[in-house]
2 protein chains.
Amino acid sequence: MKKIAIVGLGLIGASYAMGLKDKYEIYGVDIDTKALNYAIQNKIISKGSTTLADFIDAVDIIIFSIYPLQILEELKKYRFKENQLVTDVLGVKSFFVYEASKLVKPAVYCSHHPMAGKEKVGIRYADSKIFKGANFLITPTEADSRGIKELEEIAKALEFGRIDIISPSYHDKMIGYTSTLTHAIAVALVNSDSFPDTNNFVGDSYRDLTRIAMINSSLWQELFFKNKENLVNHLDAFVNELEKIRQALATENKDELNSLFKESKAKRLLLEKNLNNLEK
Amino acid sequence: MKKIAIVGLGLIGASYAMGLKDKYEIYGVDIDTKALNYAIQNKIISKGSTTLADFIDAVDIIIFSIYPLQILEELKKYRFKENQLVTDVLGVKSFFVYEASKLVKPAVYCSHHPMAGKEKVGIRYADSKIFKGANFLITPTEADSRGIKELEEIAKALEFGRIDIISPSYHDKMIGYTSTLTHAIAVALVNSDSFPDTNNFVGDSYRDLTRIAMINSSLWQELFFKNKENLVNHLDAFVNELEKIRQALATENKDELNSLFKESKAKRLLLEKNLNNLEK
């Protein structure tokens with residue numbers, strides 16, 4: 001049985017441990033001893049420590065599930081071995097993966113992104129079911145295919161629905177659109193609420209759209225800044241589309257508004273069709 | 001048993017009929033004879049006609065569930081009686097309710113808005129369960145309280161969760177924010193997608209947020225234009241908040257981004273708390 005060290009037993013790290021523990025031996029690392037004790041008591045991990053140093057020589061795979069700014073600091077602390085795979089679950093890639101690849105030599109670094117989560121943080125909300133059917137993105141930086149193979153095994157064990165292999169920069173561009181921009185919209189929409197009794201006027205669509213405005217500030221601040229250029233471009237394109245709607249309204253241009261609605265309906269129907277095909 | 005004529009057997013009209021038929025006798029009106037036949041065959045209505053003229057003298061309550069631009073035209077066609085209540089389910093009020101009140105005299109006009117729906121249209125998707133626990137807004141224009149009492153009975157029969165009585169103009173302002181703006185955002189977000197394989201990068205939040213971009217163009221075009229001033233104001237306030245995020249990014253101002261996140265988190269948590277209290 002291969003051994004995996006998971007560094008960071010938050011929502012994602014602990015959910016990985018829960019979903020992988022039948023097929024791998026799982027060692028957990030967290031600076032929070034309460035989280036470690038919880039993980040051991042609930043048999044989520046077989047061993048725990050506050051430092052990766054205790055497991056670094058014993059494990060085959062190391063998964064970092066910590067914040068973006070911490071990751072290079074952690075990688076600098078250790079000497080990795082040739083047969084090891086080092087990976088992480090971060091939602092932004094380009095700013096660190098090439099340096100990470102150099103730092104872990106002679107080990108293989110192969111980054112990935114599990115497209116799943118919850119608004120809640122911490123090990124107590126961990127649940128490996130959140131991965132079922134979700135997208136799993138692998139963003140390799142080197143020709144070595146070992147990393148891809150190991151990650152595909154992990155994705156299957158966690159029951160992800162679809163695996164894609166893409167470049168770190170394309171990852172950041174697309175996640176900047178579907179995830180980072182979506183979070184920016186939720187934050188701005190909630191912050192533009194200046195009314196005393198909005199709750200009386202809320203339907204499902206507003207509630208769904210704004211749920212992610214209950215944002216984990218520390219994590220998302222890093223995800224925004226580390227993907228700044230993509231996010232700014234996407235924001236500009238989005239505001240440009242809002243302007244088209246505003247202009248159609250201001251000029252009473254019904255044909256224009258109608259054609260904007262037709263465009264969004266056709267695009268979203270196509271997306272839904274593609275998503276349903278993926279799920280089959 | 002009181003008799004209700006429902007004019008327009010689309011998703012909402014037919015869902016009303018399904019939820020009310022045990023407590024009222026329901027007559028259905030629709031220009032689409034297929035919808036009428038379906039409603040009769042499925043015992044959703046007890047009688048059907050392509051014109052309200054056939055039922056106008058027999059019913060106590062008339063509910064219009066048709067498009068905004070059609071409603072005043074319909075009201076002009078008939079002579080209503082003193083003991084009748086006339087109402088509608090439209091998502092925008094100010095532009096027609098005062099004129100409607102005059103047109104139906106000596107009957108009472110009392111408008112309302114059931115805050116529930118689906119992306120699907122038509123009688124085949126009708127389901128009175130969509131109203132359960134949702135908000136029901138009553139927007140009276142005259143002092144007569146008969147309309148409010150009748151509508152409260154209807155709301156209870158349909159199992160709405162909360163009933164609010166507000167002015168037409170406050171209704172339009174708030175629905176312009178929680179519903180019309182939200183739809184504008186979904187349309188703009190989908191239309192700003194210029195990528196070939198977005199479906200590979202979609203998580204729950206993007207999927208939830210954009211579902212309403214599969215918009216019923218004919219209906220929403222009228223809802224946008226008839227609530228234009230509110231929508232333009234809300235769009236400007238929203239874009240202003242997006243600009244704050246963009247500015248914080250461009251100037252690497254972490255404190256500012258953090259404080260925007262904290263604001264949205266606190267506001268959205270409060271909203272969630274208020275919504276949960278309502279649901280109890």
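## A look at chain A and its partner

The accessible surface of chain A comes to about 11900 Å², and carbon and sulfur atoms account for 48% of that area. Please keep in mind that you are looking at a predicted model, and that these values are computed from its atoms.

Let us start with the chain on its own. Chain A is built with 10 helices and eight strands. Along the principal axes, its C-alpha atoms fill a box of roughly 70 × 45 × 35 Å. Chain A has 280 residues, and 56% of them count as buried, that is, under 20% relative accessible area. As for contacts between residues at least 6 apart in sequence, 65% of those in chain A join residues at least 24 apart.

Here are the charged side chains of chain A:

| Set of side chains in chain A | Count |
|---|---|
| Positive | 37 side chains |
| Negative | 37 side chains |

The centres of these two sets lie 3 Å apart.

Now for the pair of chains. How large a rotation superposes chain A on chain B? The rotation is 180°, with 0.0 Å of shift along its axis, and the RMSD is 0.0 Å. The two copies are therefore related as by a two-fold rotation axis. If you would like to find this axis on screen, look for A:Leu209: in chain A, its C-alpha is the nearest to the axis, at 2.4 Å. Both copies use the same surface, since 100% of the contact residues of chain A recur in chain B.

Key
Residues numbered from 1 in each chain as written. Chains lettered and ligands numbered in written order. Predicted model: local features only at pLDDT ≥ 70, side-chain atom pairs only at ≥ 80, totals over all residues. Heavy atoms only, no water. Helix = DSSP H or I, 4+ residues; strand = E, 2+ residues; numbered from the N terminus. Buried < 20%, exposed > 50% of the residue type's maximum accessible area, 1.4 Å probe, protein only. Contact = heavy atoms within 4.5 Å. Areas by Shrake-Rupley, 256 points an atom, 1.4 Å probe, with all protein chains shown as cover. Lys, Arg positive; Asp, Glu negative; His and termini not counted. Charge placed at Lys NZ, Arg CZ, Asp CG, Glu CD. Least-squares fit on C-alpha atoms with pLDDT ≥ 70 in both.
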